[in-house]
Amino acid sequence: MSDAARTAVLRDAIGLGVAVGLYGVAFGAAAAAAGLDVWQATALSMLMFTGASQFALVGVLGAGGSALAAAGSALLLGTRNTVYGVRLVPLLRPRGVLSRAASAHWVIDETTAMAVAAPERRLARVGFLATGASVYLLWNATTVVGALGSAALGETAQAALDAVVPAAFLALLWPRLLRGFPEAAVQRRVAFGGAVVALLLTPVVAPGVQVIAAVVAVALAGPPRRREGAA
Amino acid sequence: MSDGTLWTLVLGASLGCYLLKLAGLSVPARWVEQPWVARVVDFVPAALLAALVAVQAGTADGELVVDGRLAGLAVAALALALRAPFIVVLVLAGGTGALVHVLA
């Protein structure tokens with residue numbers, strides 16, 4: 001592994017950490033808007049440490065959802081990381097229970113992307129660890145900033161924050177809908193179905209359950225036969 | 001929701017998410033590489049995120065509501081379509097929400 005390649009990996013890792021830090025501020029603010037205190041928001045970033053699940057949890061709470069609906073949404077999104085882990089095993093080759101348990105905490109979108117993109121196995125390991133450290137530090141620091149910042153807001157600023165939260169979710173969703181993402185047309189259909197089902201069910205069922213219902217309904221109805229997407 | 005319930009949720013869901021990560025590093029690959037697992041992983045995020053966008057922007061207390069959040073969402077969608085960076089999207093959405101609040 002050359003020094004240049006190693007430097008490039010470290011630079012990318014820090015860049016990713018900074019980019020993710022922006023989302024950390026948004027997450028801290030969304031958590032505060034949903035009624036979590038700064039300790040709870042930080043505990044989520046330190047212990048759950050998987051952005052989409054954290055956003056989903058506070059999103060469901062913010063919409064008045066039950067704790068079960070919030071946990072269910074977070075876990076559904078967390079299944080992604082299980083698949084990432086399978087891809088990472090041959091690259092990281094964790095030895096023993098401790099190494100496995102420690103590596104697992106940093107198995108997220110960004111670390112997997114860096115490890116999988118690395119040209120050789122040792123660089124994959126460096127990429128995983130450097131990205132994990134960089135994202136972990138900045139994600140937690142900026143969560144605190146967002147959570148504390150939003151607590152100091154007045155009424156107009158609160159209205160601004162209320163508008164920022166759905167926009168942040170839309171920004172997370174957006175890349176999945178663009179051409180270039182695998183099966184983007186199906187993704188758009190599923191997203192549209194999820195939104196419509198959630199809105200239709202909102203006045204009928206207990207708050208928050210609509211989010212789960214939307215997922216179940218779309219997961220059952222939306223995905224097409226495999227051939228269609230493969231064509 | 002009580003503070004105790006919130007803490008239980010925070011810690012319990014965090015543990016669950018950690019175990020999902022650990023499972024990927026621990027179980028045989030063929031257990032995870034099932035077609036239905038792939039479907040869930042590929043498509044649940046789109047449905048869930050879209051449902052959250054809709055509920056966060058268009059409802060309050062179990063009813064459909066139109067207010068500054070929807071205006072902010074429309075501006076955010078426009079900004080995303082024009083490939084604005086994340087922070088710009090959020091600032092524009094927040095500014096729109098605040099403006100509607102002041103005018104309404």
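This is a short talk on how two chains, A and B, sit together in one structure.

Hi everyone, thanks for coming. Before we start, please keep in mind that this is a predicted model.

Let's begin where the chains meet. How many residues of chain A are in contact with chain B? There are 83 of them, and they meet 66 residues of chain B. Many helices of chain A take part: H1 (3–33), H2 (38–48), H3 (51–62), H4 (67–92), H5 (96–105), H8 (155–177), H9 (184–201) and H10 (209–221) each supply at least two residues to the side that touches chain B. What kinds of residues make up that side? Sorted by class, 58 are nonpolar, 21 are polar and 4 are charged.

Now let's turn to chain B. The domain assignment splits chain B into domain 1 (1–33) and domain 2 (35–104). The C-alpha centres of these two domains are 27 Å apart. An unreviewed UniProt entry lists residues 6–24, 36–58 and 70–103 of chain B under "transmembrane region". We can look at two of those spans in the model. Residues 6–24 of chain B are 100% helix and 0% strand, with 28 Å between the end C-alpha atoms. Residues 70–103 of chain B are 88% helix and 0% strand, and there the end C-alpha atoms lie 15 Å apart.

Next comes the inside. The largest nonpolar core has 111 residues, and B:Ala47 and B:Ala51 have the most contacts inside it. Which helix gives this core its largest share? That is H8(A), with 14 residues. Why does the core lie between the two domains of chain B? Because domain 1 (1–33) and domain 2 (35–104) both give residues to it.

Let's zoom in on B:Ala51. Leaving aside neighbours within four places in sequence, B:Ala51 is in contact with A:Gly194, A:Ala195, A:Val197, A:Ala198, A:Gln210, A:Val211, A:Ala214 and A:Val215.

Finally, a look at one helix, H3(A). Its 12 residues reach 16 Å from first C-alpha to last, close to the 16 Å expected at 1.5 Å a residue. Is H3(A) largely enclosed or open? Since 12 of its 12 residues are buried, H3(A) is largely enclosed by the rest of the structure. Among those buried residues are A:Gln54, A:Phe55 and A:Leu57. Just after H3(A) you will find A:Gly64, which takes a positive phi of about 85°.

So, to recap: 83 residues of chain A touch 66 of chain B, and the largest nonpolar core lies between the two domains of chain B. Thanks for listening!

Terms used:
Residues numbered from 1 in each chain as written. Chains lettered and ligands numbered in written order. Predicted model: local features only at pLDDT ≥ 70, side-chain atom pairs only at ≥ 80, totals over all residues. Contact = placed C-beta atoms within 7 Å. Helix = DSSP H or I, 4+ residues; strand = E, 2+ residues; numbered from the N terminus. Nonpolar A, V, L, I, M, F, W, Y, C, P; charged D, E, K, R; others polar. UniProt positions renumbered as here; feature names shortened; annotations may be inferred. Core = buried A, V, L, I, M, F, W, Y, C linked by C-beta atoms within 7 Å. Buried ≥ 20, exposed ≤ 12 C-beta atoms within 10 Å, placed from the backbone. Domains from an automatic or database assignment. Expected span 1.5 Å × (residues − 1).
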